[in-house]
Amino acid sequence: MVDARSVAASYALVASFLTPVAGTLLIFFIGGFRTHPAKTPQSWPGIFAVALSALSIGLSIFAGIATRNGAALITQSGEWIPGFGPALSFQLDWLSAWLLILLDVIGLMVNLFSIGYMKEEPDQRRYFGGLLFFIANMKLLLLAGSYLLLFAGWEGVGLASYLLIGYHFERPQAADAATKAFIVNRIGDAGFVLAIIAMTLACGSTNYTTVSASASHIPHGSVVLIGSLLVVAAVGKSAQFPLHVWLPDAMEGPTPVSALIHSATMVCAGVYLLARSNFLYVLAPEVGFGVAITGAVTALFAASVALVENDIKRVLAYSTISQIGFMFMALGLGADRAAMYHVATHAFFKSLLFLCAGSVIHALHGEQNLKHMGGLRKELPVTFTTMCVAALTLAGLPGLAGYFSKDLILGASFESGYTPLAVIGLLTSLLTAIYSWRLISLAFLSHPRRHRLAAHEGTASMQIPMAVLAACCVLAGWLFVPIPWTGWRLMLGSAGIALAGIAIAWHYYVRHPEARAGLDQRFGPVAAFLRNRWFVDAVFEEHFLEGVVLRTAKGAAMGDALLIDGSVNGIAASSREFAAALSWSDGSIIDGTVRAISGFARFLSWPVRAFQTGFLQTYASIFLVIVLAALGYYLAR
Amino acid sequence: MPAHLLSSLLFLPCLGLFVLLLSPARLNLIRFIANGTAIATLILSVVIASQFRAGYAGFQFVERAQWIPAIGAQYIVGLDSISLLLVLLTTLITSAAVLCSWNDVLERPKLYYTMLLLLETGIIGVFISLDLFLFYLFWDLVLIPMYFLIGVYGGPRRAYAAIKFFLYTLLGSVFLLLGFLGLYFCHAQQTGIYTFELTKLVGLHPGLAIEMWIFWALFLGFAVKVPMFPLHTWLPDAHVEAPTAGSVLLASLLLKMGTYGFIRFSLPLVPEASTSPPVVKTMVVLSLIAIIYGALVSLMQRDWKKLVAYSSVSHMGFCTLGIFALNFNGVAGSVIQQINHGISTGLLFLLVGFMYDRRHTREISDFGGLAQVIPVFATVFAITVFSSAGLPLLNGFVGEFTILSGAFAVNRLWALVGVVGMVLSAAYLLWLYQRTMMGPIRYDVNRTLRDLTVRERVIVVPLIAIIFGIGIYPAPLFNVLRPAVTALMQEVHPTLGQAR
């Protein structure tokens, strides 16, 4: 097996990981240790990042070719933390190669787009350094050959996400969103930590090969435990119900960051993790079923919320949550390849949607509210065309990439026999088609609803990535995977649903916008329920965060000050009071007794003492008086 | 190997102290002598580490001399890998603490630096004494300089904090002495020999009932120092009032004396009591309460320094949890966590101190948006925060993760509570970071803050390097610790020592 080709491929693999690592370091060290951002934006960090991304695509593809026969490329391993097996190793197989190349492609497009989008920003190094840092950690996540090393990348992308959401950290919302994203993710990470520990105790190592080989020999309870803990981790990172709350807020980050991290790559890490661990869910199908349920609920929930959101980026965020829910459903039903295929097509159309949204926001100088847009079709023709392609792909129009991958998932749900899941899948497809066309209608069609300056397309560096990704949306279904076949009935049915959804959106948002008022009246409570996002945010923030966590913390802090420190101070104070009392009693009772005794003696002695004056004259005169008296007595007698 | 290497290390700070006392009262000269002594001690400790034989479980560099023959007290010092790591931490952190005081203390500097150096001798003495009486001497010696550091150079409530610190820990150490005397007399009863020598007292087996009494006596001494819930309230007061160097030494080193005491004395001297279910249960429950409770109380603090102080309660809870998991991962993880906590929390206190030098306030609400003004400070602070929150590839993760795996092996529930603590630690640390470094600049005073000076960077850089070093390549730490911890586990509980 160890031939020259696979050795070369291993080197390419490591080089592909080291390229962004080196890039991250260089970008902060080139240009000296100047700590404050330059006064005028520099262009070199962006060009540097794009060049490195292009280089790393080449390396990734070269390494990926070695896995085309289904072979896995595993590099030599060593220990990272002793006791947890030889965790330091890379493993490239179809699963990771697929996502590695995808990551590099999207990464290149986003870096290129950012050159134009971020050109006014003064701190270019922090931005592009952050993107490269993210790509490096995402590669660590994908290439790791063990769960422990994967976890290092997992936390690394979380950190990168934190730093980039908080790129505009001076804005309070961005700072809030960054903190929230990290902490909510930490809940999932807690599950991951326990899963790694549990699998080390059960299998003696965290390497995929060892764990999957020994999974069938360990007790069923352990499999269920490890599998469930990994699901907790995936739910956090992939923003599934109920830990999705961080993702819509994460839209505070610059839009290209949302395109790369919060739609195409990082949030799909949970899907990757579960696909990587599918052997566990084969052994413990009950956990897999839980994954499917979580995915279905999330898909429906998020799609319904996306229907009523007005912030262009938040619509896309909820759409991302919903689409990942689809992937979870597929994973839970054992359709891993369908899920991974959907990861890829979703990466193309969702990153394109975000880049287009970025182009719109850029043209409108920061306006993100769909209700304030309208009529952009003529002013932004390139953005309009590419975004239409992306939205139709999302909606599942036949022939575009999203149609095929979604169909595979729907097919799997019908085959599984869980009809409710399949029905939820179809319903979600309908909602998806409606909100995607609603987005296009509100932004580009009809007339401007607010007075505004004329909008212009961005630079070529922004338009090229959009065009490339649009081409991917069209071609990905035909080029990369043999056309899946789920049967005529389903294919026609889902095509019909997509068209119906688009028609409904067309009706309510283009043809008869006035009809929406009647809709609102009739379904008032439902609309309110959706606008409040099923009250999940409210429950999470008001009841869980403020009601439980903060109240407990407040109670603990008060208890600490009053009860625990209070008793310490109380003991100190009472000892002091006791000492004071003793001191008083010492002075008045004990010493009082002594003084009383001495006083009594003194009292007894007073007649005698009266004579004890110490004056010689007194004694002499008393003596004289007595002598005279005595003399007088004798003389008188 | 030159003889008396360890004694030289122990008394080198004392030597510097005497030179300092005899030197003319010129500030720069005093600074020079103090820093020179601290650095020389650091270098000597590294020399000792380089001659340390890593694969060997017993004590090395052992020196012994008669001291008070009438009561059997001897001067015995020696190192195993656990004490070696803590000694290295001591010399490193003391150097940082001495250097960070450069501009802090302009009045009565001689007394101040004298106290710092005396403290260093005391702490090194605690970590290398192999005679219980000698240990106790150093244990109480540490109180005195710290009392003066807080009481003379502290903040507005320094008198209260200093007395609270002194009395609280003294009360604990009285019980410690009683425990030691109990062992001393048990040994005399069994063998007729009066000795305080640690290695002779090990393996005494005076029976579970007596062991229990001794354990709880030692517990009071050590638990106050750690500090374990609910004996912790001296800590926030002492930290808030102490000068920066005092806080750093307190958090990084003094707290470790407590956990070190459990590992070095409680476990091997009274193994039957230490492994008995009621003791283990109590210790673990107190540790878990400390982890969660310390984190929750941190969440509510308005004072930057007090927040970090309470975070110590939480992080030290991990250390005691690891010790009383009573397996290799638990104890080794605990030692590593002690080192990591020393580095990370020491750095957190240094940064608070740097900021206090600039703004003379520690109210979190007085800051905000500082990352715009002082990016280097903000970067260093971010690395420290993530290290403290246990992010992989930084040092904090290695210790906490290993401790959790040790705890998980005994009882899954313990590990579950532990990870909740990890989530909460991210919450209070990142919230602190957000409120101080991010958001808009709310006060104009903060617009003109100076970024880290050269001297401050010199202090910070080695600590940051260690944060990354331990995080990325922790294997040497484990390799160094393995013989000593394995031997300890066999002493404590032969069957448990074999497993994991």
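**View 1. Helix H10 of chain B and its buried residues.** In this predicted model, the buried residues of H10(B) are Trp234(B), Leu235(B), Pro236(B), Asp237(B), Ala238(B), His239(B), Val240(B) and Glu241(B). That is eight of the eight residues in the helix, which runs over residues 234-241, so H10(B) is largely enclosed by the rest of the structure. If you are following along in a viewer, Trp234(B) and Glu241(B) are both on the buried list, and so are Asp237(B) and His239(B).

**View 2. Tyr56(B), a loop residue of chain B.** Here we move to the loop between helix H2 (27-51) and strand S1 (60-68) of chain B, where Tyr56(B) lies. Is Tyr56(B) buried or partly exposed? Its relative accessible area is 39%, which makes Tyr56(B) partly exposed. For a sense of scale, take Pro278(B) as a second marker: Tyr56(B) and Pro278(B) are 222 residues apart along the chain, and their C-alpha atoms are separated by 33 Å.

**View 3. The setting of the first two views: chain B.** Stepping back, chain B has 22 helices and two strands. Its radius of gyration is 22 Å, close to the 23 Å that the globule rule gives for 500 residues, so chain B is as compact as a globular protein of that length. The C-alpha trace spans about 70 × 60 × 40 Å along the principal axes of chain B. Of its 500 residues, 68% count as buried. Among the contacts in chain B with a separation of 6 or more, 80% come from residues 24 or more positions apart. The accessible surface of chain B is about 15,900 Å², and carbon and sulfur atoms hold 69% of that area.

**View 4. Thr345(A) and its partners in chain A.** Now for chain A, where Thr345(A) has its place in helix H15 (residues 336-363). With a relative accessible area of 1%, Thr345(A) is buried. Which residues touch Thr345(A), once neighbours within four places in sequence are left aside? They are Ala401(A), Gly402(A) and Ser405(A). Ser405(A) deserves a second look, since its side chain and that of Thr345(A) are joined by a polar contact of 2.8 Å.

**View 5. A nonpolar surface patch on chain A.** Phe623(A), Leu624(A), Val627(A), Leu628(A), Leu631(A) and Leu635(A) together make a nonpolar surface patch of about 620 Å². One of these residues, Leu631(A), sits in helix H25, which covers residues 616-636 of chain A. Leu631(A) is partly exposed, at a relative accessible area of 46%.

**View 6. The setting of the previous two views: chain A.** The secondary structure of chain A comes to 25 helices and two strands. How is chain A spread out relative to a compact globule? The radius of gyration is 39 Å, well over the 26 Å from the globule rule for 637 residues, so chain A is more spread out than a compact globule. Taken along the principal axes, the C-alpha atoms of chain A fill a box of roughly 165 × 65 × 55 Å. Buried residues make up 56% of the 637 residues. Residues 24 or more positions apart supply 81% of the chain A contacts with a separation of 6 or more. The accessible surface of chain A is about 26,200 Å², with 70% of that area belonging to carbon and sulfur atoms.

Technical notes:
Residues are numbered from 1 along each chain as its sequence is written. Chains are lettered from A and ligands numbered from 1 in the order in which they are written. Side-chain values use heavy atoms; hydrogens and water are left out. Buried means under 20% relative accessible area, exposed over 50%, partly exposed in between (1.4 Å probe, protein chains only). Helices (H or I, at least four residues) and strands (E, at least two) are DSSP runs, numbered from the N terminus. Patches are made of residues with over 30% relative accessible area and no salt bridge: like charges are joined within 9 Å, nonpolar side chains (Val, Leu, Ile, Met, Phe, Trp, Tyr) within 5 Å. Accessible areas come from the Shrake-Rupley method with a 1.4 Å probe; for residues, only the protein chains shown count as cover. A salt bridge is a side-chain nitrogen of Lys or Arg within 4 Å of a carboxyl oxygen of Asp or Glu. A polar contact is a pair of N or O atoms within 3.5 Å; within protein, one must be able to donate a hydrogen and the other to accept it, and residues adjacent in sequence count only if both atoms are side-chain atoms. Contact means heavy atoms within 4.5 Å. The radius of gyration is taken over C-alpha atoms; the globule rule is 2.2 Å times the number of residues to the power 0.38.
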